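Me: I have a model open here and would like to go through it with you. Could we start with whatever you find most useful?

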Amino acid sequence: PDADPDATSRGLSPVVLPRPVSSAPPASADTPPPAGKRRSRALRTAAALTVVFALGAAASGGALFGYYQHELNGNTRRVNALVDGYKRQFARAEADLRSVAAAGRAQIQSAATADRQGGTAPSTQQALVRSLAPSLFVVMTSSTAGQPSVGTAFVVASSATESLLLTSYTTVQAATTIPGPRVEVRPARGSGRARPVTVRTWDPTHDLAVLVLPVGNLPVVRLAPAHPGPQLGQPVFAVSALGATGGAIAAGEVDDVSSSGIADDIPIGAAYQGAPIVDSRGDVVAVASRSYAPLGVAPGGIWYAPFVGMACDEVLNCPGGSLSASR
């Protein structure tokens, strides 16, 4: 307590006044700071920790990204190496295939050329005429207009007393009516005289007709097998009975094959009507025609020819599939 200084001077005993009592306890080292200070300190600490964690995360993320980028670059290099290797292998394989294909095409072309050259060689054609001529006959008659009509017929069956000749219906069309003109045939080879024949059966649709010749023991043509049959591009020949050396021959190729017969580019003149169309072995494939039109249009530079086997269905009886007897 403090004394009143004016009291002594006035002859009064000094009065001690009590000090005002504070409600707050005295501060000491063990007394905690106020709540506001505590919050401020906690916020600063949290901020510091957040910065530290952020810096740590950034450092860790950078390290992880660098590792990932390193691995990605490594994988990319390995994949690119594999792709380049496959590309090189594929390029080599492709080059090998092209080489093999080119060699195969060249071999096929060479074989086809050799086959065509061998099939169309003069010696081959001369041999075909010589082998077929004994079975060929020149057909002579008149057309429906009264004009001369000629063609070729060939022996498909022969007995001791008569032979069957297959020819073109167009050649003998006028003789299929009554009264009709006389039909005669003359051998392609030699100086045999003309003999009359009978028109036995005919089929205008397929341009086929069968003649009966009263002469037996004649050589019969050899038929080509039905399988595998003619092929596109195959050389074929029409052999006519009308020729200075005992026959004539015209060459061509098969342009189409269907159930109706073949299409070929053999130049078929009037004397070739009804002639056998043969392969390079001399086997008969079809019958030459100038009027057969399975597509319903007139033939042009490409002629259509019915298969020789169609005679079995239309104008002949063929026991066992062979042309052996007339209806």
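Me: Let's start with E3, then: how many bridges pair it with strand E6?
Reply: This is a predicted model, and in it E3 and strand E6 (residues 184-187) are paired antiparallel over 4 bridges, with methionine 140 standing opposite glutamate 184 in E6.

Me: And which way does E3 pair with E4, parallel or antiparallel?
Reply: The pairing of E3 with strand E4 (residues 148-158) is antiparallel and runs over 7 bridges, and within it threonine 141 faces serine 149 in E4. The hairpin formed by E3 and E4 has 5 residues between the strands, and there glycine 146 adopts a positive phi near 85°.

Me: Why is E3 largely enclosed by the rest of the structure?
Reply: Strand E3 covers residues 136-142, and 5 of its 7 residues are buried, so the rest of the structure largely encloses it.

Me: Switching to the open sheet of 6 strands, what order does it have?
Reply: The order is E14-E13-E10-E11-E12-E15, and the pairing is antiparallel. At the edges stand strand E14 (284-287) and strand E15 (303-305), each of which has a single partner strand, so one side of each lacks a neighbour in the sheet. On average, neighbouring strands of this sheet are turned by 40° against each other, if direction is ignored.

Me: What packs on that sheet?
Reply: Helix H3 (residues 122-132) does, touching E10, E11 and strand E13 (276-278), and the direction of H3 makes about 95° with that of E11. As for the two strands E10 (residues 235-240) and E11 (residues 248-258), they run antiparallel and are joined by 6 bridges, with valine 236 opposite glycine 252 in E11.

Me: Different topic: which residues touch the most other members of the largest nonpolar core?
Reply: That core has 46 residues, and those touching the most other members are Phe154, Leu166, Ile262, Ile277 and Leu316. Another core, of 16 residues, lies apart from it and includes Phe137, Ala153, Val183 and Val199. In soluble globular proteins, nonpolar side chains do tend to be buried together.

Me: And the chain overall, how many helices and strands?
Reply: The protein chain has 5 helices and 17 strands, and of its 327 residues, 33% are buried. Among the contacts with a separation of 6 or more, 57% are between residues 24 or more positions apart.

Me: What about the accessible surface?
Reply: For the protein chain the accessible surface is about 19100 Å², and carbon and sulfur atoms account for 59% of that.

Terms used:
Residues numbered from 1 in each chain as written. Predicted model: local features only at pLDDT ≥ 70, side-chain atom pairs only at ≥ 80, totals over all residues. Heavy atoms only, no water. Core = buried A, V, L, I, M, F, W, Y, C linked by side-chain atoms within 4.5 Å. Buried < 20%, exposed > 50% of the residue type's maximum accessible area, 1.4 Å probe, protein only. Contact = heavy atoms within 4.5 Å. Areas by Shrake-Rupley, 256 points an atom, 1.4 Å probe, with all protein chains shown as cover. Pairing = 2+ DSSP bridges. Axes fitted to C-alpha atoms, helices over the stretch in contact; angles between N-to-C directions.
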